[in-house]
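Here is a short tour of one protein chain for anyone new to reading structures. Keep the picture open while you read, and look things up as they come along.

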Amino acid sequence: MATSTARFGVVFSRHLYKSTTPCTTILRNKAWYSTVTSAKQDRARQDSSTEAQGRAEMAYAARKATYDALIKKEAEEYERGKRHLANMMGEDPENFTQADIDRAIRYLLPSGLFDKQARPIMKHPSEIFPPQKETQVDAEGRPFHYLFYTGKPNFFSLMHDAYAKLLEIQAIEDKMLAKGIYKPDIEPLFLKRSLWLSREDLVKMVIEDVTDHDYNRLIRLLERIIQQPYAKHIEEFVLQFRRDIMAAGSKEVIEPLKYDDNGIAFSEGTGKRKTAMATVTVRDRGTGKVFINGKGLLDYFKNIQDREQIMFPFQFVGKLGDFDMECTVEGGGSSGQAGAIRLATSYALRSFLPEEQIEQMRQAGLLTKDPRVVERQKPGQKGARKKFTWKKR
């Protein structure tokens, strides 16, 4: 019985081995099939990725060619127009610079528009058309920049650099404190003659779209940097985000303060509006008295708008009641005289103010001459624009 049982077990095991052999073969075939299928899928994905990358490079190459063709065409027209403009002005076209072009445009096409961007200009196309970003991936599709997938690699690279500079000057401060030096031995940053770059200027710098939120984040970080006691060490890095506000104002000579026999400082200014001419003397340590041709402000100007025009420069700089003013004005009407006094007062106040406030006055239009005049009456019509009433008979 035992023998038959053993024999049965051998036979059963043989049948089991025979029965499992086909299953193993099937499993091996399935594994091989899945491996081949996976390799084909990987190859297909790689081919599609390469194809997509090729399409992207072709699209970029097409955009680049279009941009280069546009710049080339516009540059040729710019050079042609520059030569014509030089011939009109009677100057040598070969030595006709951009400054000469701007001067010629202002002479030939005068404009009284306050916004400079609305005035006619003639610039090189590279200064007008925004630059194009270079390709950001290699032939295999790998990004060159480690911040490529942020969508704004140039901007966030600036943020990283700014924060690294902050850590650098903080490390310097910690080292000095460890030595027992609590007061910086270098002078602070002098930034009174400059302002932070605007968002538009920052967009041109990074060649990327910068939202107001991102712009404010960068400015807050830079403000934090310049408040550090050792910010002078990274002055060159900070100044690349500042623009000089005194470039235009530095060409104008501001008269220094004068002093009378009592040691009181005073300054003088002249202004013109339409046909009115005004000369103003502003004296320090005053009480807000205003005399015009020997009369008080309320007696000379009956219109409240004219009074507001005259006192607006003092109100703008926050100096109402701090100065006395004497004025001599002649010619024109009340409106022209008020405008002339306002301009003369603004010129005289410059000697008492810091450069930041002078620039703010300039941006507000207080230091800009108003070229508007009354348009003359035309022959054959009733007024400057108005015509006579037409009658059939």
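How many of the 16 residues of helix 10 are buried? The count is 14, so you can call this helix mostly covered, given that buried means under 20% relative accessible area. One thing to keep in mind throughout is that this is a predicted model.

## Helix 10 and the core

Let's stay with helix 10, residues 334–349. From its first C-alpha to its last, helix 10 reaches 22 Å, which is close to the 22 Å expected at 1.5 Å a residue.

Now for the company it keeps. The largest nonpolar core in the model has 31 residues. Strand 5, strand 6, helix 9, strand 8, helix 10 and helix 11 are the elements that each give two or more residues to this core. Helix 10 gives the most, with 8 residues. In soluble globular proteins, nonpolar side chains tend to be buried together.

## Who is busiest inside?

Which residues have the most contacts inside the largest core? They are V282, I292, I310, M325 and I341. Take I292 as an example: leaving aside its neighbours within four places in sequence, I292 is in contact with L297, Y300, F301, I310, C327, V329 and I341. Apart from this core lies another one, of 23 residues, with F155, A162, V210 and V238 among them.

## Strand 8 and its two neighbours

Strand 8 covers residues 324–330, and its two faces are worth a look. M325, C327 and V329 make up the covered face, while D324, E326, T328 and E330 are on the uncovered one.

Which way do its partners run? Strand 5 (residues 276–283) pairs with strand 8 in the antiparallel sense, over 7 bridges, and here V280 stands opposite C327. Strand 6 (residues 290–292) runs parallel to strand 8, and 3 bridges join the two. In that pairing, F291 stands opposite E326.

## Salt bridges

The model has 17 salt bridges. One of them joins R283 and E326, whose closest N and O atoms are 3.8 Å apart. This pair links distant parts of the chain: R283 is in strand 5 and E326 is in strand 8, 43 residues apart. Are these two buried or partly exposed? R283 has a relative accessible area of 25%, so R283 counts as partly exposed. E326, at 41%, is partly exposed as well.

Compare that with R362 and E359, whose side chains meet in a salt bridge at 3.0 Å, N to O. Both lie in helix 11, 3 residues apart, which is about one turn of the helix. R362 is buried, and E359 is buried too.

A further salt bridge is formed by E375 and K378, with the closest N and O atoms 2.8 Å apart. E375 is partly exposed, with a relative accessible area of 38%, and K378 is partly exposed at 21%. Elsewhere, E91, D100 and R103 are joined into one network by salt bridges that share partners.

Terms used. Residues are numbered from 1 along each chain as its sequence is written. This is a predicted model: local features need pLDDT of at least 70, side-chain atom pairs count only at pLDDT 80 or more; totals for chains, interfaces and linings use all residues. Side-chain values use heavy atoms; hydrogens and water are left out. Buried means under 20% relative accessible area, exposed over 50%, partly exposed in between (1.4 Å probe, protein chains only). Helices (H or I, at least four residues) and strands (E, at least two) are DSSP runs, numbered from the N terminus. Two strands pair if DSSP finds at least two bridges between them. A nonpolar core is a set of buried Ala, Val, Leu, Ile, Met, Phe, Trp, Tyr and Cys residues joined through side-chain atoms within 4.5 Å. Contact means heavy atoms within 4.5 Å. The expected span of a helix is 1.5 Å times one less than its number of residues. A salt bridge is a side-chain nitrogen of Lys or Arg within 4 Å of a carboxyl oxygen of Asp or Glu.
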